Amino acid sequence: MPNVKLHVDGTIVEQEVKDNANLVVLAGTRQFPKLKYGCGMGRCIKCTCQVLSGAESLDPPNWKEEKMLGEKVNEGYRLTCQLTIRDDVEITQDNISVSLPKKRSATAVK
Ligand code: FES
């Protein structure tokens, strides 16, 4: 079973999870404590983390992560709700600063 280490609020939560687990789903059913999250659907960025180790076992960032996090995906930032955990991973939600992308204004139609 993969071991997940989460740095959050200055503490470390370390826990084994089932293969192919989604941490936000686990948090939502009180099976993974302290994780910060919101919508669970890649829309709010409240679950943003930075991967400290184990990134190679994760799928590449999907379109939602690229849309919401922009260039931050190149710095190891991910949306936790979009991650499938298959192997040991260490992530942090401490010192994360991301903001929602600005909405494009509608183009005027003449
Ligand atoms: S919980 Fe909202 S984007 Fe992940």
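Me: In what order do the elements of the protein chain run from the N terminus on?
Reply: This is a predicted model, and in it the protein chain has 2 helices and 5 strands. Read from the N terminus on, these elements follow the order β-β-α-β-α-β-β.

Me: What order do the strands of the open sheet have?
Reply: The 5 strands make up an open sheet in which the pairing is mixed. Its edge strands, each pairing on one side only, are β2 and β4, the latter covering residues 77–79. The twist from one strand to the next averages 30°. Written across the sheet, the order is β2-β1-β5-β3-β4.

Me: Which residues are the bridge partners of leucine 6 in β5 and in β2?
Reply: Strands of a sheet can pair in a parallel or an antiparallel way, through backbone hydrogen bonds. Strand β1, residues 3–8, runs parallel to β5, residues 89–92, and 4 bridges join the two, whereas β1 and β2 run antiparallel and are joined by 6 bridges. For leucine 6, the bridge partner in β5 is isoleucine 91, and the bridge partner in β2 is valine 13.

Me: Which residue in the turn of the hairpin formed by β1 and β2 has a positive phi?
Reply: The strands β1 and β2, which run antiparallel, form a hairpin with 2 residues between them. In that turn, a positive phi of about 50° belongs to aspartate 9.

Me: Why does β2 lie largely in the open?
Reply: Strand β2 is one of the edge strands of the sheet and pairs on one side only. The strand has 6 residues, and it lies largely in the open because the number of them that count as buried is 0.

Me: Is alanine 21 buried or exposed?
Reply: Alanine 21 is found in the loop between β2, residues 11–16, and α1, residues 23–28. Because 20 C-beta neighbours lie inside 10 Å of alanine 21, and a residue needs 20 or more to qualify, its status is buried.

Me: Which residues are in contact with alanine 21, leaving aside its neighbours within four places in sequence?
Reply: The C-alpha atoms of alanine 21 and arginine 86 are separated by 7.3 Å, although these residues lie 65 apart along the chain. With neighbours within four places in sequence left aside, the contacts of alanine 21 are Leu26 and Ile85.

Me: What percentage of the residues of the protein chain count as buried?
Reply: The C-alpha trace of the protein chain spans about 60 × 25 × 25 Å along its principal axes. Among contacts between residues at least 6 apart in sequence, 61% join residues at least 24 apart. Of the 110 residues of the protein chain, the share that counts as buried is 26%.

Technical notes
Residues are numbered from 1 along each chain as its sequence is written. This is a predicted model: local features need pLDDT of at least 70, side-chain atom pairs count only at pLDDT 80 or more; totals for chains, interfaces and linings use all residues. Helices (H or I, at least four residues) and strands (E, at least two) are DSSP runs, numbered from the N terminus. A residue is buried if 20 or more other C-beta atoms lie within 10 Å of its own, exposed if 12 or fewer, and partly exposed in between; C-beta atoms are placed from the backbone. Two residues are in contact if their C-beta atoms, placed from the backbone, lie within 7 Å. Two strands pair if DSSP finds at least two bridges between them. Axes are lines fitted to C-alpha atoms, for helices over the stretch in contact, and angles run from 0 to 180 degrees between N-to-C directions.
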